[in-house]
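Open the model in a viewer and keep the sequence panel visible. The stops below are given in the order in which to select them.

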Amino acid sequence: MLMKKLVFFDIDGTLVTRNNHIPKSTLQAITALKQTNAVPVLATGRAPVLVKEIAQELQIDSYIAMNGQYIVHQGQVLYANPIDKHLVDAVVEIATARQDGLLLSSDDELIANSVISLVNRSSLYTFLKGFVGLIPEQIQASLLNRLMKKVPKKEAYENKEIYMININGGQADEAAYERLFGQYLTFTRANERTMDVINKGISKATGAQQMIEQLEVAPHNTYAFGDGLNDLELLELVNTGVAMADGFAELKIVADFVTAAADDDGIFKGLKELGLI
């Protein structure tokens, strides 16, 4: 009897290229992987509303969303860990005072200003995918920052469970928030422009550990692919951690090996190198 394997995949910069495209080779690789005894799992900083279309395209029904805050296996919620409402209010208050762009993620929507909320009522992922594909990256960052600038009103989120807060800001901004909330919240990032704020002690790795235990997978049969700083703990947790060639240098240091970039067939090449397909 073949032993089950778990393969965790970050989305942005890993399964999806910098231009928000899933390469044909990646689709083929995931299809081939699913024909083996391996179970692919998405492990992302994205909120569920931004995971679902990717999951459908790849036909993957298990995911760790919001950096470990929310876990789904075969369509069923295994774990949900909302941020304390008083902490959400406090972070929103500071972001308002600092005029930092901010998004709040629940289990089924993103809560921000009226522009983002309007888009969210149709398909935010489709909007952003087109947005990213058409507009140069520096201009994207500027426009998205403007869209996020107006902090949502309390009545828009006070009756909802908030699992993650996204704040526009660099490393210096992150340090300022850390000083205020570091005792209660974790600040991580998948890119240089925004920080992901979640509960203290939570990460993609804690989510992965829960799935490993619940599915009773042997530790030596665990793998992960990633490119961002929010993938560090995950790559350290699994038996074999794979960093993308264009990922953060800190991630490559802890990885067992480095595969090609997403747009250079990195997923296909990495799975082939591991003998998983």
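The tour starts with the whole chain, then goes to two helix pairs and a few single residues.

**Whole chain**

This is a predicted model. Show the protein chain as a cartoon: its secondary structure comes to 11 helices and 13 strands. Colour by burial next; of the 277 residues, 52% count as buried. Switch to a surface view for the outside, where the accessible surface is about 12600 Å² and carbon and sulfur atoms hold 51% of it. For the contacts with a separation of 6 or more, 61% are between residues 24 or more positions apart.

**Helices α1 and α11**

Select residues 24-34, which form helix α1, and residues 266-273, which form helix α11. The two pack with their axes 7 Å apart, at an angle of about 35°. Show side chains for the contact: α1 supplies S25, T26, A29 and L33, and α11 supplies I267, F268 and L271. By class, the residues of this contact are five nonpolar, two polar and no charged.

**N19 and D265, in the loops leading to these helices**

Stay in this part of the sequence and select N19, in the loop between β1 (5-9) and α1. Is N19 buried or exposed? Its relative accessibility is 57%, so N19 counts as exposed, the cut-off for exposed being over 50%. Now add D263 to the selection and draw a distance between the C-alpha atoms: N19 and D263 are 244 residues apart along the chain, yet the separation is 9.0 Å.

Move on to D265, which lies in the loop between β13 (257-259) and α11. Check the backbone here: D265 is not a glycine, but its phi is positive, about 60°. D265 counts as partly exposed because its relative accessibility is 32%, which falls between the limits of 20% and 50%.

**M66**

The next selection is M66, in the loop between β3 (63-65) and β4 (70-73). What is the phi of M66? The value is near 50°, which is positive in a residue other than glycine. In a surface view, M66 has a relative accessible area of 0% and is therefore buried.

**Helices α3 and α7**

Select residues 85-98 for helix α3 and residues 171-181 for helix α7. Their axes come within 12 Å and cross at roughly 140°. That angle makes α3 oblique to α7, as roughly antiparallel would need an angle over 145 degrees. The crossing of α3 past α7 is right-handed.

Which residues of α3 and α7 meet? On the α3 side they are L87, A90, V91, I94, A95 and R98; on the α7 side, D173, A176, Y177, L180 and F181. Nine of the residues in this contact are nonpolar, none are polar and two are charged.

**L87**

End the tour on a residue of helix α3, L87. With a relative accessibility of 16%, L87 counts as buried. Leaving out residues up to four places away in sequence, L87 touches F181, Y184 and L185. For a last distance, pick the C-alpha atoms of L87 and N199: the two residues are 112 apart along the chain, and the atoms are separated by 9.8 Å.

Key
Residues numbered from 1 in each chain as written. Predicted model: local features only at pLDDT ≥ 70, side-chain atom pairs only at ≥ 80, totals over all residues. Heavy atoms only, no water. Axes fitted to C-alpha atoms, helices over the stretch in contact; angles between N-to-C directions. Helix = DSSP H or I, 4+ residues; strand = E, 2+ residues; numbered from the N terminus. Parallel < 35°, antiparallel > 145°, perpendicular 65-115°, else oblique. Left-handed = near helix turned anticlockwise from the far one by under 90°. Contact = heavy atoms within 4.5 Å. Nonpolar A, V, L, I, M, F, W, Y, C, P; charged D, E, K, R; others polar. Buried < 20%, exposed > 50% of the residue type's maximum accessible area, 1.4 Å probe, protein only. Areas by Shrake-Rupley, 256 points an atom, 1.4 Å probe, with all protein chains shown as cover.
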